[in-house]
Amino acid sequence: MNLINKNTKVYYISTFLLFLASTMPHSILTVLFLKKGLLMSQIVLMQSFFNLSMIIFEIPSGVMSDLYSRKKVYILSLLTLVITFFLIIFSKSLFWLSVAYTMYGLANALETGTLDVILINSLKNNETGLQKFLKYQKQISTFSSILGSGIGFLLYFKIGVNIYFISITLILLNILLTALFFFDENKKANENINFQIFKRHIAECISELKEKRVMKYYFIFFGIIQIFIQSHFQLWQKLFLDKGIGEKNFFVMYVLFQIIVFIAYNTNILLINTKKLYLLLILTFLMAITVVILKNNLIFTGIYLTLCTIFFIINYYFEFQFNKILSKEKISAITSMKSFFSRIFSFGTLFISSLLLRKISVVNLFVINVTVVIFVVMYLIFRINKSVQQH
């Protein structure tokens with residue numbers, strides 16, 4: 001077995017363990033914190049520290065991965081996650097739980113652009129291999145999320161907050177697996193990293209972004225797609241309730257949403273060209289309009305799932321193209337910059353949507369958001385093609 005294949009298998013197992021551990025508490029998270037004595041407003045405030053932490057630490061963690069050791073940074077992210085889970089188990093006050101969620105954001109920021117980037121770099125000259133890796137990466141994380149949330153939901157009623165001890169055990173197993181069996185052939189040793197080195201690396205990343213002008217369009221895409229992603233994840237339950245679909249169906253819908261991610265990331269994106277992208281976007285626009293007028297719940301659900309599938313396919317296509325053109329030396333930092341940019345769009349989307357919902361219905365807001373995304377993405381595809389032709 002060659003090194004790439006061995007590392008890939010270890011990475012897939014690591015991803016499975018990470019998402020299984022992280023998602024086990026997700027299906028009962030609000031209930032868990034309410035039982036700790038927090039108010040709903042305090043839970044929202046506490047969770048906001050997660051996003052704030054990620055915005056602060058995304059770029060520094062990416063630079064650290066590029067300059068130091070992606071494997072060691074990944075292990076550091078897992079250790080930070082273990083501390084986070086211990087804080088959640090034993091803390092009851094808003095202050096310490098907010099500290100826990102700040103560390104949770106740090107752990108997620110540290111994990112961005114680590115082991116996956118090592119494998120992406122090794123597959124840059126192999127389009128089929130890169131597509132296969134991105135597909136399995138998403139499918140494994142999706143399957144693990146479904147399994148984790150289901151197990152967490154069942155176990156919570158038997159052992160309560162102690163499900164976090166199971167998560168901690170899985171993370172410790174992950175650390176052992178990665179430390180012993182994942183080999184980082186480009187690891188650096190004994191770097192004396194200081195602020196000047198950090199600053200120079202960021203400046204070099206910005207220079208690369210300026211040189212590859214097409215990159216700005218990819219950054220805009222990953223920002224603008226958040227308008228759809230946040231609209232979907234934050235509004236779908238209210239949207240379905242307004243359509244007369246009861247909350248008893250929500251767990252089934254959650255599973256279906258995970259399944260369509262499987263389907264989307266099983267698409268052979270090497271066969272997708274500009275013309276097909278435009279056709280998919282036009283089809284999505286027509287389906288978005290029907291969401292307003294549809295009365296039949298079964299047809300509405302089918303249309304909504306198809307619409308989401310198309311958006312996930314387009315997102316997969318852009319992820320693939322983006323990863324192909326990044327330099328190996330700066331991929332972690334630039335990936336973190338992309339994530340940082342996306343999170344700003346996520347925050348803006350939720351803030352503006354909260355204001356618009358005072359004036360318009362959830363259904364109308366969803367259609368408006370989807371329409372904006374469709375036409376901006378069409379423009380971005382045009383600009384990307386033009387930039388490629390010029391070079």
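This is a dialogue about reading helix packing, salt bridges and a surface patch in a predicted model.

Colleague: Let's begin with the helices. How is a pair of packed helices described?

Modeller: Two numbers do the job: the angle between the axes and the distance between them. Take helix α10 (residues 214-242) and α14 here: their axes are 8 Å apart and meet at an angle of about 45°. That makes α10 oblique to α14.

Colleague: And which hand does the crossing of α10 and α14 have?

Modeller: The α10 and α14 crossing is right-handed.

Colleague: On to charges, then. How many salt bridges does a search of the whole structure find?

Modeller: The search finds four. One of them joins Arg343 to Glu58, with 3.4 Å between the closest N and O atoms. Arg343 belongs to helix α14 and Glu58 to helix α3 (residues 40-67), so this pair ties together parts that are 285 residues apart in sequence.

Colleague: Are Arg343 and Glu58 buried or partly exposed?

Modeller: Glu58 is buried, because its relative accessible area is 0% and buried means under 20%. Arg343 has a relative accessible area of 25%, so Arg343 is partly exposed.

Colleague: Which residue forms a salt bridge with Lys324?

Modeller: That partner is Glu127, and the closest N and O atoms are 2.6 Å apart. This pair, too, links distant parts of the chain: Lys324 sits in helix α13 (residues 297-325) and Glu127 in helix α7 (residues 127-159), 197 residues apart. Lys324 is partly exposed at 26% relative accessible area, and Glu127 is partly exposed at 36%.

Colleague: What about Lys238 and Asp242: where do they lie?

Modeller: Both are in helix α10, four residues apart, which is about one turn of the helix. Their salt bridge has its closest N and O atoms 2.7 Å apart. Lys238 is partly exposed, with 42% relative accessible area, and Asp242 is partly exposed, also with 42%.

Colleague: Finally, the surface. Which residues form a nonpolar patch there?

Modeller: To join such a patch, a residue needs over 30% relative accessible area. Here the members are Phe347, Phe351, Ile352, Leu355 and Leu356, and together they have about 490 Å² of accessible area.

Colleague: Pick one member for me. Where does Ile352 lie, and what is its relative accessible area?

Modeller: Ile352 is part of helix α14, which covers residues 331-356. Its relative accessible area is 48%, so Ile352 counts as partly exposed. Helix α14 thus gives you three things to look at: the packing with α10, Arg343 of the salt bridge to α3, and Ile352 of the patch.

Definitions and conventions. Residues are numbered from 1 along each chain as its sequence is written. This is a predicted model: local features need pLDDT of at least 70, side-chain atom pairs count only at pLDDT 80 or more; totals for chains, interfaces and linings use all residues. Side-chain values use heavy atoms; hydrogens and water are left out. Patches are made of residues with over 30% relative accessible area and no salt bridge: like charges are joined within 9 Å, nonpolar side chains (Val, Leu, Ile, Met, Phe, Trp, Tyr) within 5 Å. Accessible areas come from the Shrake-Rupley method with a 1.4 Å probe; for residues, only the protein chains shown count as cover. A salt bridge is a side-chain nitrogen of Lys or Arg within 4 Å of a carboxyl oxygen of Asp or Glu. Helices (H or I, at least four residues) and strands (E, at least two) are DSSP runs, numbered from the N terminus. Buried means under 20% relative accessible area, exposed over 50%, partly exposed in between (1.4 Å probe, protein chains only). Axes are lines fitted to C-alpha atoms, for helices over the stretch in contact, and angles run from 0 to 180 degrees between N-to-C directions. Angles under 35 degrees count as roughly parallel, over 145 as roughly antiparallel, 65 to 115 as roughly perpendicular and the rest as oblique. A crossing is left-handed if the near helix is turned anticlockwise from the far one by less than a right angle, and right-handed if clockwise.
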